[in-house]
Amino acid sequence: MVPAIVSDIIALPGWNGPMLLLLAKATLILVAALGITVAMQRGSAGARHLVWLATLAIVLLVPAVTAWVPPLRLEILPPVAQTSNEVSPSAAPSAAVESDRKVEELSNASPITSAAPAATEANSGFMAKLDGISLALAVWAAVALALTGWLAYGAFVVRRIVRNAQPLDTQDWLTPLYEVADRLELEEPPRLLGSSEAKMPFACGFTKPTIVLPSDCETWSADRRRAVLLHELAHVKRHDLVGHTLGRLACAIYWFHPLVWTAAKQLRNESERACDDLALSSGARASDYAEHLLDIVTSVRRDSTPAIALAMARRKEFEGRMLAILDPELRHSKPSRRQSAALIGSLALIAVVVGAAAPAPRTAEAKPRVATQVPVVDPDFTPDDVTPEQGTDNSIDRAVNKSVDKSVDKALEKTMDKRFETSINKTVAKAVAEATHTTINTATREAIREGANSLGNSLGNSLGNIVGTIISGKSEPKSDDRPILLA
């Protein structure tokens with residue numbers, strides 16, 4: 001089912017397909033991060049915060065990863081159905097007749113009247129599509145600009161509060177500030193200010209970290225001051241303000257995606273719990289720290305801390321933090337460098353694979369194609385060659401086959417005449433020579449036979465005459481024998 005859905009998304013026209021594919025990739029990354037953090041529930045809050053921070057950064061970089069990383073072809077989509085171009089012999093004549101009819105209709109139609117409806121329909125479809133795209137982009141841009149403006153307004157409010165605040169530079173505040181900064185190994189302690197506009201302690205400032213406390217902080221005990229400073233300086237040490245702002249920007253861009261809002265919320269919760277863990281690992285007692293936190297939260301009826309700042313606590317996320325602080329089985333240590341590197345490397349690998357993934361249709365199995373013979377119509381064939389009995393499809397087929405046979409015969413005659421002529425000439429010449437030789441031999445034998453017969457007859461006659469003379473003429477003188485013999 002999932003490959004079919006992805007195939008439908010890619011098949012969408014225009015920008016819808018690529019944009020929805022990017023959205024699907026971002027969703028897949030968020031789901032993977034959610035699964036990782038669920039598996040790490042008994043782990044440290046710092047590790048889970050790192051997972052959500054890397055995830056939101058990757059979600060913002062998904063378009064760039066998709067554009068820059070070479071695509072990874074994944075054949076997970078259903079194979080594309082291919083249209084067969086084969087023409088059956090029985091369908092060829094009817095298709096040819098239909099094609100001729102359509103060509104005749106197009107040739108008789110007016111070009112202007114036939115092209116005008118098609119152009120109008122294409123323009124109307126394009127304008128409707130353009131209107132839909134413009135409306136969607138306008139809505140997205142309006143909401144994104146509104147959320148970004150809300151963040152900018154929050155930054156303006158924070159700047160105004162900081163500008164109007166009073167510095168807390170007395171020894172009662174500087175001593176615990178330097179003590180906590182040394183315990184957290186901060187190179188330089190942040191500014192410490194007090195303001196009547198602040199209801200909840202918060203940290204702010206990218207380039208120059210600042211901690212702003214409410215005006216009633218002068219009544220706090222030394223332990224509460226130390227606990228509050230531990231939590232707020234933990235934010236400064238961990239650079240949580242960068243991750244907090246990154247989450248707000250991700251929500252402004254992906255305002256329509258519920259998982260992005262969930263990720264930003266989890267990022268903030270885990271950052272607060274990680275700061276609690278750092279405060280507890282720095283020497284604060286869990287029960288005392290939880291009590292101070294509870295008193296501060298319950299004393300504030302309406303929190304007006306700007307969204308761009310990191311407030312110490314919020315009512316709706318306070319219960320989970322209290323349970324985590326008082327649970328002795330939870331780990332309150334920060335992740336090691338090796339664990340942090342492994343988490344970041346795994347998320348980066350997931351981001352590269354998902355960002356470079358290019359779903360493609362599977363290769364269809366080759367099916368045996370049945371060879372079909374397309375009839376070759378004789379150019380000399382005319383409708384007059386069709387008899388009246390050929391009014392059905394079978395009679396037309398027979399007529400076409402007849403024309404095909406005629407064309408084949410003509411082609412064979414043209415291509416084979418010369419070869420056959422040469423071969424036949426050789427055969428005929430040989431046969432004539434043999435016949436002539438036979439005739440000459442026969443005439444010679446007849447002449448010899450006639451000559452022998454004539455010579456035999458002459459010799460027989462001569463011998464007969466001699467014998468007759470000898471028998472009949474014994475009384476004649478011998479002197480007369482020579483003439484007779486000569487004769």
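The expected span of a helix is taken as 1.5 Å times one less than its number of residues. In the predicted model, this relation can be applied to helix α8, which comprises residues 240-253. The 14 residues of α8 should, at 1.5 Å a residue, span 20 Å, and the end C-alpha atoms lie 20 Å apart, in agreement with that expectation. The buried residues of α8 are Asp240, Leu241, Gly243, His244, Thr245, Gly247, Ala250, Cys251 and Ala252.

Helix α10, formed by residues 286-299, likewise contains 14 residues. The distance from its first C-alpha to its last is 20 Å, close to the 20 Å expected at 1.5 Å a residue. Within α10, burial is found at Tyr289, Ala290, His292, Leu293, Ile296 and Val297. Viewed down the axis of α10, these buried residues fall within an arc of 160° and therefore line one face of the helix. The elements covering the buried residues of α10 include α7 (222-238), α9 (258-281) and α11 (318-326).

The β-structure was examined next. An open sheet is formed by 5 strands in the order β2-β3-β5-β4-β6, with mixed pairing. Strands β2 (166-167) and β6 (310-311) occupy the edges; each has a single partner strand, so one side of each remains without a neighbour in the sheet. In general, the strands of a sheet pair through backbone hydrogen bonds, in either a parallel or an antiparallel sense.

Strand β5 (residues 210-214) lies between β3 and β4 in the strand order. Pairing between β3 (residues 191-195) and β5 is parallel and extends over 5 bridges, with Thr210 of β5 serving as the bridge partner of Arg191. The pairing of β5 with β4, by contrast, is antiparallel and involves 3 bridges; here Cys204 stands opposite Thr210. Strands β4 and β5 form a hairpin in which 5 residues separate them, and Gly205 in the turn adopts a positive phi of about 95°.

Burial of β5 was assessed with a threshold of under 20% relative accessible area. By this criterion 5 of the 5 residues of β5 are buried, and the strand is therefore largely enclosed by the rest of the structure. Both faces of β5 are covered, with Thr210, Val212 and Pro214 buried on one side and Ile211 and Leu213 buried on the other.

Strand β4 (residues 202-204) is also joined to β6, in an antiparallel arrangement, by 2 bridges. In this pairing Phe202 stands opposite Ala311 of β6.

Conventions:
Residues numbered from 1 in each chain as written. Predicted model: local features only at pLDDT ≥ 70, side-chain atom pairs only at ≥ 80, totals over all residues. Heavy atoms only, no water. Pairing = 2+ DSSP bridges. Helix = DSSP H or I, 4+ residues; strand = E, 2+ residues; numbered from the N terminus. Buried < 20%, exposed > 50% of the residue type's maximum accessible area, 1.4 Å probe, protein only. Arc of directions from axis to C-beta. Contact = heavy atoms within 4.5 Å.
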